[in-house]
Amino acid sequence: MYHLTALVTLLAIAFYFATCINVARSRDKTGVKAPAMSGHPDFERAFRIQMNTLEWMPIVLPSLWLFAIYISDPIAAAIGAVWIVGRIVYFIGYSKAAAKRSAGFAIQGIAAAALWAGAIGAVVLRMV
């Protein structure tokens with residue numbers, strides 16, 4: 001059983017849901033009406049936070065699960081939790097200014113790379 005990885009997966013989905021709510025709130029606050037995707041810098045940053053999170057999820061979630069299956073549930077969950085922390089740091093920084101997103105992006109990028117590299121390494125080792 002992969003309880004820890006399942007929990008981290010659910011937390012990642014909850015974080016993504018929070019970014020969706022943030023976009024809706026930002027639309028209301030800034031007056032950017034659907035279907036417009038631009039018009040106010042605060043809204044545009046909120047939207048990019050949501051989209052960037054969505055863009056990374058197809059990289060992170062399969063890598064997270066393959067890492068858990070081939071290497072370790074607790075280690076996968078720990079690295080996945082670091083990814084979520086990175087996304088939160090990204091969210092906080094980018095919400096203030098685009099230039100403040102780098103630290104969070106680096107944290108989540110390193111965590112994602114670790115999950116992917118670990119998963120592919122373990123799969124290849126099992127094949128040879």
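This report describes the fold, two of the helices, the largest pocket and selected residues of a predicted model.

**Overall fold**

The chain contains four helices and zero strands, and its elements run α-α-α-α from the N terminus on. Taken along the principal axes, the C-alpha atoms fill a box of roughly 55 × 25 × 20 Å. Of the 128 residues in the chain, 40% are buried. Among contacts with a separation of 6 or more, 69% are between residues 24 or more positions apart.

**Helix 1 and helix 3**

The table sets out the lengths of two helices.

| Helix | Residues in helix | Expected span | Distance between end C-alpha atoms |
|---|---|---|---|
| Helix 1 | 28 residues | 40 Å | 40 Å |
| Helix 3 | 24 residues | 34 Å | 35 Å |

For helix 1, the expected span at 1.5 Å a residue agrees with the distance between its end C-alpha atoms. The corresponding values for helix 3, residues 73–96, also agree.

The buried residues of helix 1 are Thr5, Val8, Thr9, Ala12, Phe15, Tyr16, Thr19, Val23, Ser26, Arg27 and Thr30. These buried residues pack against helix 2 and helix 3. Just after helix 1, Gly31 adopts a positive phi of about 80°. In the loop between helix 1 and helix 2 lies Pro35; the peptide bond that joins Ala34 to Pro35 is cis, with omega near 10°. As background to these two features, most residues other than glycine have a negative phi, and most peptide bonds are trans.

At the start of helix 3, a side-chain oxygen of Ser72 comes to within 3.2 Å of the backbone nitrogen of Ile75. Buried positions of helix 3 include Asp73, Ala76, Ala77, Ile79, Gly80 and Trp83, and further along the helix Ile84, Gly86, Arg87, Tyr90, Gly93 and Tyr94 are buried as well. The cover over these residues includes helix 1 (3–30), helix 2 (41–70) and helix 4 (102–127).

**Two residues of helix 4**

Gln108 is located in helix 4. Its relative accessible area is 0%, which is under the 20% cut-off, and Gln108 is therefore classed as buried. Leaving aside residues up to four places away in sequence, Gln108 touches Trp56, Trp83, Gly86 and Arg87. Of these contacts, Trp83, Gly86 and Arg87 are themselves among the buried residues of helix 3.

Ile110 also belongs to helix 4. Its relative accessibility is 61%, so Ile110 counts as exposed. The C-alpha atoms of Ile110 and Ile79 are separated by 9.4 Å, and the two residues are 31 residues apart along the chain. Ile79, for its part, is one of the buried residues of helix 3.

**The largest pocket**

The volume of the largest pocket is about 170 Å³. Its lining consists of Asn22, Arg25, Ser26, Lys29, Thr30, Asp42, Arg45, Ala46 and Ser95. Helix 1 gives the most to this lining, with five residues; helix 1 and helix 2 each supply at least two. By residue class, the lining comprises one nonpolar, four polar and four charged residues. Two of the lining residues, Ser26 and Thr30, also appear among the buried residues of helix 1.

Definitions and conventions
Residues numbered from 1 in each chain as written. Predicted model: local features only at pLDDT ≥ 70, side-chain atom pairs only at ≥ 80, totals over all residues. Heavy atoms only, no water. Expected span 1.5 Å × (residues − 1). Buried < 20%, exposed > 50% of the residue type's maximum accessible area, 1.4 Å probe, protein only. Contact = heavy atoms within 4.5 Å. Polar contact = N/O pair within 3.5 Å; in protein donor to acceptor, adjacent residues only side chain to side chain. 1 Å grid on protein atoms, 1.4 Å probe; cavity = no way out; pocket = protein on both sides within 12 Å on 5 of 7 lines; lining within 4 Å. Points joined across faces, edges and corners; volume = space filled by probe spheres on them. Nonpolar A, V, L, I, M, F, W, Y, C, P; charged D, E, K, R; others polar.
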